[in-house]
Amino acid sequence: MFAAAAALMMAMPGANAQVLTYLDPELPREQRIEDLLSRLTLEEKVGMMMNSSKPVERLGIPAYDWWNEALHGVARAGLATVYPQAIGMAATFDPEGLQEAFTLISDEARAKYNDSVSKDIRQKYYGLTFWTPNINIFRDPRWGRGQETYGEDPFLTSRMGVAVVRGLQGDNPDYYKTHACAKHFAVHSGPEWNRHKFDVTVSERDLWETYLPAFKALATEAGVREFMGAYNRYDGSPCCGSELLLKDILRGRWAFDGLVVSDCGAINDFYVTGAHEVCPDAASSSARAVLTGTDIECGSSYVSLMEAVREGLIEEKDIDVSIRRILRGMFELGMFDPAERVPWSSLPYSIVDCAEHRENALSMARKSVVMLKNEGGLLPIRPSSVKKIAVIGPNANDARMMLGNYNGIPSSTVTVLQGIREAYPDAEVMYERGCDLVEGHAFVDPRAVKGYNTEIFMGLSEEEAAALRQKQQDEIDATKPIPSENYSDEAMSALAARAGEADVIFFVGGLSAFVEGEEMPMKIDGFSGGDRTKIELPEIQGRMLKYLHSTGKPVVFVLCSGSAMGLEQNEADYDALLCAWYPGQDGGRAVADIVSGKVSPSGKLPVTFYKSTAQLPDFENYDMEGRTYRYMKEEPLYPFGYGLSYARISYGRGRLSARKVGEGESVSIRVKLRNRSKVDADEVVQVYVSRPGDDSTPVKTLKGFRRVSLKAGERKTVTIELPASSFEYYDVVKDDLAVRKGKYRILYGSSSSDRDLKCLKMRVK
């Protein structure tokens, strides 16, 4: 809360609530907003329109920074519970669990905010406005930021995005717990290297059926309070100044009344040489952005709005439109009200990374792991069945890899190596890094040299801080890489011979946020600018796998990455494959719980695992033809929605509530499940819709799913509702989605593959 404003009222001689209307919590919010707006000068208004908002001391308004991050836990502000990266949480297919996780994350957000305000810390990453979630469609696995999304499917992304917003913003009738932000609007998913000048053009069909549905769901269903415009142009206009995206669709058709923020530096791209170059200077660019609906700039171009007013490019009344939204956001968060009126104001710093939150992060990590291969039922490997285990690979003991990108810093991290040692206490566990992530490149976290962000120690006693520093140093010491020149074929062969003495070999490899991410200064074999130029496993890891498999001992490949890998050329060199993503602070324990049989794997792929780069269309082509399970005609290595279990779950005959429905009517499907094993397990029932003979629609598209827990031997009947929107496709006359009449196939089962689906037929009249 802005305690300075309350103090100002108390300090003014003769001041009362009637004089300072904006400080009276009993008055209607809109009246308070108009009162405060009337007191601001033009210069003060402009100062509040950048992410680093300037204080207005005479009105008791302190500085505030709108930029904060929480993709998988509160990020970049020291201590926090770190959940699996977003792509891993998408693999849970569990919106209810995700909302619960983000309810705890927003608890930490409020606790950290309370602590920082008490210490008068007003800088970036300490506010209540979180630029989360990233609901762009992960259309191509080469995109380095795809790890921040909920995968390639519009429906899954919508459901997970809605859950995140509800968890962050809460359900209090008077205040928002925090603000969530739908980003990056719109039609944005790489490449990273040209995002500041790239002009995306796609068909209206792809725009409405693929790129917009999740944004619409967050605006019209979840009530998200912020949108972030993307860097790129869409159909010739920068997204942060697009009449179509911001005025027609977002503010018009969807009636969004919240804040729009720019991506960082995106307004500069309007005029900077080599970027979009659609405006001559900062003043005209800023005026265009505000007039089309971008209220807050992440950057400093909006300083020129004063000049823009003087030159007649924009009027003060136009700026007032944005200021009303900015002030409304502040009031919604309780920033001008007494602390006792605002829920969450007493949440203590001690809840940050507490035991309850760590356990929840572990639960999400367990549910995120996807078992893709289990030759001969190799897994689970019970602790009593092995005496010696070999753990090899560049990601086996890398605590930094576990955290992905846009992350906070946990008090400790359990690597895969540590998790396996804990799960197999009586076995001898040998460990060697074995190879680099990429040939000749041993990546080192800068914190291993400079030390962790000191802000992590906020709120801790001296004894707690000392213990935490020791934990950090232990992690740093444990993850120092072996020099890359040690990884010759001779060294690999010798290591494989030693590993061959074990009963089982775990190879932990894949990628890390050192090689895939946001606009990175990276150009090495297979990687460029944060993206990948090919999706195959780095060659040095493939060689190490081959040496390990040549021992004749079973090899379990634990794949850690933020995106799909083209593993066709490596398939013969491992017996079991677990996709663990970037699993967060307790991800190593989650992996160990699964391989040891404590927990049955239950994750499902939120992306298609293509066989190789050869199956991918041009990265810079945003058309959906040939992309993702919805339009792909070839056979992938592993399909969207796929994931194995230790249990045998059978699907009975499904039943529709109706075989014919009218336009605008919903239908439900009932599916009987049976766990035909002695293992408790979760299953994700998936429902897809397709239109036979209609080439203008996807091959099939996800329209419903339900995560279900089944005890050993248990039977359950699952009902999944398909609303009328399940039968909507692009209508050229309406220039929007509309229900399409005709014949439909309703497909249900355990993945998107035809082999895993059963079919029912129906008609929309």
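Helix α19, residues 587–595, is mostly covered in this predicted model: eight of its nine residues are buried. Helix α10 (residues 282–292) is also mostly covered, with nine of its eleven residues buried. Below, we start with these covered elements, then look at how strands line up into sheets, and end with two pairs of packed helices.

**Helix α19 and what surrounds it**

- Which residues of α19 are buried? They are Gly587, Gly588, Ala590, Val591, Ala592, Asp593, Ile594 and Val595.
- These buried residues pack against three strands, β12, β16 and β17, and against the helices α13 (355–368) and α14 (416–423).
- After α19 comes Gly597, which has a positive phi, near 90 degrees.

**Strand β16 and its partners**

- One of the strands packed against by α19 is β16, which spans residues 555–560.
- Strand β16 is itself mostly covered, since six of its six residues are buried.
- The side chains are easy to follow along the strand: Val555, Phe557 and Leu559 point one way, while Val556, Val558 and Cys560 point the other way. All of them are buried.
- How do β12 and β16 pair? Strand β12 (residues 504–510) pairs with β16 in the parallel sense, over six bridges.
- You can find one of these bridges at Phe506, whose partner in β16 is Val556.
- Strand β17 (residues 576–579) also runs parallel to β16, and four bridges join the two.
- Look at Val556 again here: it stands opposite Ala576 in β17.

**Helix α10**

- The buried residues of α10 are Ala282, Ala283, Ser284, Ser285, Ser286, Ala287, Ala289, Val290 and Thr292.
- What covers them? The cover includes α9 (243–253), α11 (305–310) and α12 (316–332).

**An open sheet of three strands**

- Three strands form an open sheet in the order β3-β5-β8, and their pairing is parallel.
- Strands β3 (181–185) and β8 (259–262) are at the edges with a single partner strand each, so one side of each has no neighbour in the sheet.
- From one strand to the next, the twist averages 25 degrees.
- Strand β5 (residues 226–229) runs parallel to β3, and three bridges join them.
- To see where these two strands meet, find Cys181, which stands opposite Glu226 in β5.
- Helix α8 (residues 213–222) lies across β3 and β5 and runs at about 150 degrees to β3.

**An open sheet of five strands**

- Another open sheet has five strands, in the order β20-β28-β27-β22-β23, and here the pairing is mixed.
- Its edges are β20 (660–661) and β23 (701–710); each has a single partner strand, so one side of each is left without a neighbour in the sheet.
- Which way do β27 and β28 pair, parallel or antiparallel? Strand β27 (residues 742–749) and strand β28 (residues 757–764) pair in the antiparallel sense, over eight bridges.
- Within this pairing, the bridge partner of Lys743 is Arg763 in β28.

**Two pairs of packed helices**

A pair of packed helices is described by two values, the angle between the axes and the distance between them.

- Helices α17 (residues 489–499) and α18 (residues 539–549) pack at an angle of about 40 degrees, and their axes are 9 Å apart. That angle makes α17 oblique to α18.
- The crossing of α17 past α18 is right-handed.
- On the α17 side, the contact is made by Asp489, Met492, Ser493, Leu495, Ala496 and Ala499. On the α18 side, Ile540, Arg543, Met544, Tyr547 and Leu548 take part.
- Sorted by class, this contact of α17 with α18 has eight nonpolar, one polar and two charged residues.
- Helix α8 has a helix partner too: α6 (residues 154–169) packs with α8 at an angle of about 35 degrees, with the axes 8 Å apart.
- Is the crossing of α6 and α8 left-handed or right-handed? The crossing is right-handed.
- From α6, the contact residues are Pro154, Thr157, Ser158, Arg159, Gly161, Val162, Val165, Arg166 and Gln169. From α8, they are Pro213, Ala214, Ala217, Leu218, Glu221 and Ala222.
- By class, the contact of α6 with α8 has eight nonpolar, four polar and three charged residues.

Definitions and conventions
Residues are numbered from 1 along each chain as its sequence is written. This is a predicted model: local features need pLDDT of at least 70, side-chain atom pairs count only at pLDDT 80 or more; totals for chains, interfaces and linings use all residues. Side-chain values use heavy atoms; hydrogens and water are left out. Two strands pair if DSSP finds at least two bridges between them. Axes are lines fitted to C-alpha atoms, for helices over the stretch in contact, and angles run from 0 to 180 degrees between N-to-C directions. Contact means heavy atoms within 4.5 Å. Angles under 35 degrees count as roughly parallel, over 145 as roughly antiparallel, 65 to 115 as roughly perpendicular and the rest as oblique. A crossing is left-handed if the near helix is turned anticlockwise from the far one by less than a right angle, and right-handed if clockwise. Ala, Val, Leu, Ile, Met, Phe, Trp, Tyr, Cys and Pro count as nonpolar, Asp, Glu, Lys and Arg as charged, and the others, Gly among them, as polar. Buried means under 20% relative accessible area, exposed over 50%, partly exposed in between (1.4 Å probe, protein chains only).
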